[in-house]
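Here is a briefing on one protein chain. Keep the sequence and the 3D view side by side as you read.

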Amino acid sequence: MTMKKKAAKRLHKEVDCDLSRRPNKRPAEIDFSRFIYCIADDHPSVSLAVSQLLSEVVGIDPSNFMVVMESTDLLSFFSGPSPRNRVVILDLVMPGDLKRASLVNEILRVDPLARILAYTADESAFLAKAVIDSGALGYVAKTSPANGL
């Protein structure tokens, strides 16, 4: 299996949990254009690296994602209607009033269909549990290898 297919399969598990209802559809066949992606991180180098990973490894068209650096901008991204499901790769501690599990809760209050992957420098098992319990579909430490994302 190529690195691109492995990355697509891994991302599919995070963003679309309905695979069991579609047994004949393999993760590598997922149409990633049906989502709009938001990279939410206040560090430009991290946002650039994640953007490149999504584009070059997973194969997502860069026109399908945007970058925000503050939680208020992130909530604005989720506030209006969207023709496609939204996926956010979320740094849990960015400038703004909301952080960690409360930020995940607010995103899902505004857009219950949002898919959230926490991508953070904090490796706390307690925080990971709180974020998952709040509705994030995954939790990846920034110290993990790139293929972990």
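The points below go from the whole chain to two helices and then to single residues. The model is predicted. Its chain holds five helices and five strands. Helices H4 and H5 get the closest look here, and they pack at an angle of about 10°.

**The whole chain**

- Helices and strands take turns: along the sequence the pattern reads α-β-α-β-α-β-α-β-α-β.
- The chain has 149 residues, and 43% of them count as buried.
- Take the contacts with a separation of 6 or more. Residues 24 or more positions apart account for 62% of these.
- The accessible surface of the chain is about 7,800 Å². Carbon and sulfur atoms hold 55% of that surface.

**Where H4 meets H5**

- H4 covers residues 100–110, and H5 covers residues 125–134.
- The axes of the two helices are 9 Å apart, and the angle between them is about 10°.
- Angles under 35 degrees count as roughly parallel, so H4 and H5 are roughly parallel to each other.
- H4 brings Arg100, Ala101, Val104, Asn105 and Leu108 to the contact. H5 brings Leu127, Ala130, Val131 and Ser134.
- Sorted by class, this contact of H4 with H5 has six nonpolar residues, two polar ones and one charged one.

**The buried side of H4**

- Which residues of H4 are buried? They are Ala101, Leu103, Val104, Ile107 and Leu108.
- These residues cover an arc of only 160° around the axis, so they sit on the same side of H4.
- The buried residues of H4 pack against helix H3 (71–79) and H5. They also pack against strand S3 (85–90) and strand S4 (115–120).

**The two sides of H5**

- Leu127, Ala128, Val131 and Ser134 are the buried residues listed for H5.
- Their arc around the axis is only 130°, which puts them on the same side of H5.
- The other side of H5 has exposed residues: Ala125, Phe126, Lys129 and Asp133.
- What covers the buried residues of H5? The cover includes H4, S4 and strand S5 (138–141).

**Two buried strand residues**

- Leu90 is in strand S3. Its relative accessibility is 0%, so Leu90 counts as buried.
- Beyond its neighbours within four places in sequence, Leu90 is in contact with residues including Leu103, Val104 and Ile107. Those three are also among the buried residues of H4.
- Other contacts of Leu90 include Ala40, Leu74, Ile116, Leu117, Ala118 and Tyr119.
- Leu90 and Val68 are 22 residues apart in sequence, and their C-alpha atoms are 9.7 Å apart in space.
- Thr120 is in strand S4. Its relative accessibility is 3%, so Thr120 counts as buried.
- Beyond its neighbours within four places in sequence, Thr120 is in contact with Asp91, Leu92, Tyr139, Val140, Ala141 and Lys142.
- How many residues apart in sequence are Thr120 and Lys142? The answer is 22 residues, and from C-alpha to C-alpha they are 5.4 Å apart in space.

**A residue in H4 with positive phi**

- Arg100 lies in helix H4. It is one of the residues in the contact with H5.
- The phi of Arg100 is near 55°, a positive value in a residue other than glycine.
- Most residues other than glycine have a negative phi.
- Buried means under 20% relative accessible area and exposed means over 50%. Arg100 has 36%, so it is partly exposed.

**Two loop residues**

- Asp111 sits in the loop between H4 and S4. At 10% relative accessibility, Asp111 counts as buried.
- Leaving aside its neighbours within four places in sequence, Asp111 is in contact with Phe78 and Arg86.
- Pro83 is in the loop between H3 and S3. Is Pro83 buried or exposed? At 83% relative accessibility, Pro83 counts as exposed.
- Pro83 and Ile36 are 47 residues apart along the chain, and their C-alpha atoms are separated by 9.0 Å.

Notes: Residues numbered from 1 in each chain as written. Predicted model: local features only at pLDDT ≥ 70, side-chain atom pairs only at ≥ 80, totals over all residues. Heavy atoms only, no water. Axes fitted to C-alpha atoms, helices over the stretch in contact; angles between N-to-C directions. Helix = DSSP H or I, 4+ residues; strand = E, 2+ residues; numbered from the N terminus. Parallel < 35°, antiparallel > 145°, perpendicular 65-115°, else oblique. Contact = heavy atoms within 4.5 Å. Nonpolar A, V, L, I, M, F, W, Y, C, P; charged D, E, K, R; others polar. Buried < 20%, exposed > 50% of the residue type's maximum accessible area, 1.4 Å probe, protein only. Arc of directions from axis to C-beta. Areas by Shrake-Rupley, 256 points an atom, 1.4 Å probe, with all protein chains shown as cover.
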